[in-house]
Amino acid sequence: MTLRIKFDDMKAEFKRVLMKKGFSEHTADEAAISFTSNSCDGVYSHGVNRFPRVVEYIEKGYIKPDAVPEKISGFGALERWDGNLALGNLAAKRCMDRAMEIASEFGIGCVALQNTNHWMRGGEYGWQAAEKGYIGILWTNTQPNMPAWGAKDRRIGNNPIILALPREDGPVVVDMAMSQYSYGKIESYRMEGKELPVPGGFDSEGNLTTEPEKIEETWRVLPIGYWKGSGLSIVLDLIASMLSGGNTTQDVGKLGADEYALSQVFISISPDKLGDISKLEASIDESIQYIKESVPATSDGEVYYPGERTMNTRVKNLELGIPVNEGVWEKIKSM
């Protein structure tokens with residue numbers, strides 16, 4: 001059964017639990033807004049559905065309630081930070097803010113973060129940059145949770161990447177994992193009793209499947225573009241480790257079955273340094289309109305630009321309440 005929970009009610013529950021687990025009121029409030037906003041935007045897999053696992057990681061000591069990310073080195077427009085195993089979404093938000101601060105001075109800013117936790121929904125920090133007028137490019141590595149193309153065993157990560165740009169009528173934001181579906185999205189389909197719209201991984205017999213349960217059994221998710229997604233995953237992982245001085249996906253895998261001590265990269269570019277913003281935005285708007293006027297593949301279909309449906313979902317959920325699986329919600333309320 002699915003419930004509809006008001007934004008403020010969901011935020012209050014998250015804040016209550018986080019304070020009970022040792023976070024200050026200010027930090028718990030900021031984190032609660034993040035978890036609730038992700039859910040409100042329709043990314044339940046990295047919001048309300050993920051929250052119980054976050055609490056589990058706090059209890060295991062992987063997430064440290066009193067930890068604060070800190071700069072450890074830097075030169076020019078590049079800085080290296082240590083997350084100190086702070087809550088991942090707050091560490092990511094701080095680093096994106098810092099990348100924008102650097103970009104305001106140099107035109108471009110890059111913060112590479114080591115020793116951090118899962119950032120939840122990476123798109124949040126793309127929106128963060130775009131809504132403040134900056135271009136955002138960011139990615140993270142993960143534990144080994146995807147086979148390299150041509151392999152059966154998991155040795156690379158789905159390593160999501162986000163690209164975002166500002167626009168007065170709504171940012172354009174791509175938030176994508178290196179797998180056809182993130183594990184969180186697969187979990188959401190399974191919880192809803194639905195099959196995936198297109199194949200997302202392999203079953204135990206090595207066949208492509210749309211059944212989420214069979215993919216969760218094998219952990220053989222399908223890389224986007226087959227060998228292309230596999231190659232991109234590997235390179236993103238290695239660049240993140242090189243820039244941050246932190247763990248590679250292989251190193252994260254050596255820590256055990258849980259996912260922590262990750263490496264991430266946050267790049268910000270200030271369009272103000274590029275010339276007449278009005279001309280740049282007019283060109284973007286024309287391109288968006290050109291795409292929107294595509295002939296739909298189905299009679300009742302519509303073509304969206306990246307980020308458009310997120311805004312539509314946000315408006316709907318603010319009005320009606322955020323949909324939550326009843327079992328997940330009861331679990332959170334009992335914490």
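## Strand pairing

Two strands count as paired if DSSP finds at least two bridges between them. In this predicted model, strand 4 (residues 108-116) and strand 12 run antiparallel and are joined by 7 bridges. One position of this pairing sets A112 opposite V265 in strand 12.

Strand 12 also pairs with strand 5 (residues 135-140). These two strands run antiparallel as well, with 6 bridges between them. Here W139 has V265 of strand 12 as its bridge partner. V265 thus appears in both pairings, facing A112 and W139. Strand 12 covers residues 262-269, and 7 of its 8 residues are buried.

## Cysteines

How many disulfides does a search of the whole structure find? The search finds 0. A disulfide is a covalent bond between the sulfur atoms of two cysteines. For C95, the closest cysteine sulfur belongs to C110. The two sulfurs are 10 Å apart, and the cut-off for a disulfide is 2.5 Å, so they are too far from each other for a bond.

Is C95 buried or exposed? C95 is buried, with a relative accessible area of 0%. Another cysteine, C40, is also buried, and its relative accessible area is 2%.

## The cavity

The structure contains 1 cavity of 30 Å³ or more. The space in the largest cavity is about 60 Å³.

Which residues line the largest cavity? The lining is made up of R50, R53, V54, Y57, I63, N117, H118, M120 and E259. By class, this lining holds 4 nonpolar, 2 polar and 3 charged residues.

## Salt bridges

Across the whole structure, 22 salt bridges are found. One of them joins K15 to D29, where the closest N and O atoms are 3.5 Å apart. This pair links distant parts of the chain, with K15 in helix 1 (residues 7-20) and D29 in helix 2 (residues 25-40), 14 residues apart. K15 is buried, at a relative accessible area of 19%, whereas D29 is partly exposed at 21%. The two residues fall into separate classes because the cut-off for buried is under 20%.

A salt bridge also forms between the side chains of E59 and K21, with an N to O distance of 2.7 Å. E59 lies in helix 3 (residues 51-60) and K21 in the loop between helix 1 and helix 2, so this pair, 38 residues apart, links distant parts of the chain. E59 is exposed, with a relative accessible area of 54%, and K21 is partly exposed at 26%.

The side chains of D285 and R167 meet in a further salt bridge, again with 2.7 Å from N to O. Where in the chain do D285 and R167 lie? D285 is in helix 10 (residues 277-292), and R167 is in the loop between strand 8 (161-165) and strand 9 (172-176). This pair links distant parts of the chain, 118 residues apart. D285 counts as partly exposed at 25% relative accessibility, while R167 counts as buried at 13%.

Some salt bridges share partners, and in this way K11, K15, E25 and D29 are joined into one network.

Methods
Residues numbered from 1 in each chain as written. Predicted model: local features only at pLDDT ≥ 70, side-chain atom pairs only at ≥ 80, totals over all residues. Heavy atoms only, no water. Buried < 20%, exposed > 50% of the residue type's maximum accessible area, 1.4 Å probe, protein only. 1 Å grid on protein atoms, 1.4 Å probe; cavity = no way out; pocket = protein on both sides within 12 Å on 5 of 7 lines; lining within 4 Å. Points joined across faces, edges and corners; volume = space filled by probe spheres on them. Nonpolar A, V, L, I, M, F, W, Y, C, P; charged D, E, K, R; others polar. Helix = DSSP H or I, 4+ residues; strand = E, 2+ residues; numbered from the N terminus. Salt bridge = Lys/Arg side-chain N within 4 Å of Asp/Glu carboxyl O.
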